[in-house]
Amino acid sequence: MGKNSESEKIKRTLKLEANLTVYDAASLKERLAGALAAAEILEVDMTDVKECDTSGLQVLCSMKKTADQKIKKIVLSIIPHAVQDAMNRTGITHQMMAHD
């Protein structure tokens, strides 16, 4: 049997309501890991994120790596300026925005 087509895969959306900072990293990691476990494609809606630091980016990078290893996909959507700016400053924009 072949791979499931994109439309047959289990898709979930996780809306982040906290900031992506060192203060939120542990709970962010738990939420992302739980959501990723329940989906093959996880869309992360960051509409309400107002702050982002390297700890938050580290959690996102870790979850993306986990998704890649498990042949799953994380799609970042509605990326606010604070997150885009942090990704640009750390040089990870391309890696985080790359789609299969």
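Lysine 15 is partly exposed, because its relative accessibility is 31%. I begin with this residue in what is a predicted model, and I shall follow its partner into the sheet. Lysine 15 forms a salt bridge with aspartate 45, and the closest N and O atoms of the pair are 3.9 Å apart. Lysine 15 belongs to strand β1, residues 11-15, and aspartate 45 to strand β2, so this pair ties together parts that are 30 residues apart in sequence. The two partners do not share an environment label: aspartate 45 counts as buried, with a relative accessibility of 12%, whereas lysine 15 counts as partly exposed.

Which residues are linked with this pair in a network of salt bridges? The network consists of Lys15, Asp45 and Asp48.

Let me stay with aspartate 45 for a moment. Its side chain also makes a polar contact, at 2.4 Å, with the side chain of threonine 47. If we leave aside residues up to four places away in sequence, aspartate 45 touches Thr13, Leu14, Lys15, Leu16, Ser77 and Ile78. One of these, Ser77, is a buried residue of β3.

That brings us to β3 itself. Strand β3 spans residues 73-77, and five of its five residues are buried. Which residues are buried on each side of the strand? Lys73, Val75 and Ser77 are buried on one side, and Ile74 and Leu76 on the other, so that both faces of β3 are covered. Strand β3 pairs with β2 in the parallel sense, over five bridges. Within this pairing, leucine 76 of β3 is the bridge partner of valine 44.

Before strand β2 there is a loop that deserves a brief comment. Alanine 38 lies in it, between α1, residues 25-37, and β2, residues 41-45. Alanine 38 is partly exposed, as its relative accessible area is 41%. Apart from residues up to four places away in sequence, alanine 38 touches Ile10 and Arg12. Isoleucine 10 is 28 residues from alanine 38 along the chain, and the C-alpha atoms of the two are separated by 7.9 Å.

I turn now to helix α2. At 1.5 Å a residue, its 16 residues should span 22 Å, and the end C-alpha atoms are indeed 22 Å apart, which agrees. At the N-terminal end, aspartate 53 caps the helix: one of its side-chain oxygens lies 3.0 Å from the backbone nitrogen of serine 55. After the helix comes isoleucine 71, whose phi is positive, near 55°.

Where do the buried residues of α2 lie around the axis? The residues concerned are Gly56, Leu57, Val59, Leu60, Met63, Lys64 and Ala67. They cover an arc of only 155° around the axis, which puts them on the same side of α2. On the other side of the helix, Thr54, Gln58, Lys65 and Gln69 are exposed. The cover over the buried residues includes α1, β3, α3 and α4, the last of these being residues 93-97. Strand β3, discussed a moment ago, is therefore part of what covers the buried residues of α2.

One member of that buried set carries a salt bridge. Lysine 64 pairs with aspartate 68, with the closest N and O atoms 3.8 Å apart. The two residues are four apart in helix α2, residues 54-69, and so are separated by about one helical turn. Lysine 64 counts as buried because its relative accessibility is 14%, under the 20% cut-off. Aspartate 68, at 44%, counts as partly exposed.

Helix α3 offers a second pair of this kind. Aspartate 85 forms a salt bridge with arginine 89, and here the closest N and O atoms are 3.1 Å apart. Both residues lie in α3, residues 81-90, four residues apart, or about one turn of the helix. What is the exposure of the two partners? Aspartate 85 is partly exposed, at 31% relative accessibility, and arginine 89 is exposed, with a relative accessible area of 60%. In general, residues three or four places apart in an α-helix point the same way, because there are 3.6 residues a turn.

To close on the charged pairs: a search of the whole structure finds four salt bridges. Among them are the pair joining strands β1 and β2, the pair within α2 and the pair within α3.

Conventions. Residues numbered from 1 in each chain as written. Predicted model: local features only at pLDDT ≥ 70, side-chain atom pairs only at ≥ 80, totals over all residues. Heavy atoms only, no water. Buried < 20%, exposed > 50% of the residue type's maximum accessible area, 1.4 Å probe, protein only. Contact = heavy atoms within 4.5 Å. Salt bridge = Lys/Arg side-chain N within 4 Å of Asp/Glu carboxyl O. Expected span 1.5 Å × (residues − 1). Arc of directions from axis to C-beta. Polar contact = N/O pair within 3.5 Å; in protein donor to acceptor, adjacent residues only side chain to side chain. Pairing = 2+ DSSP bridges.
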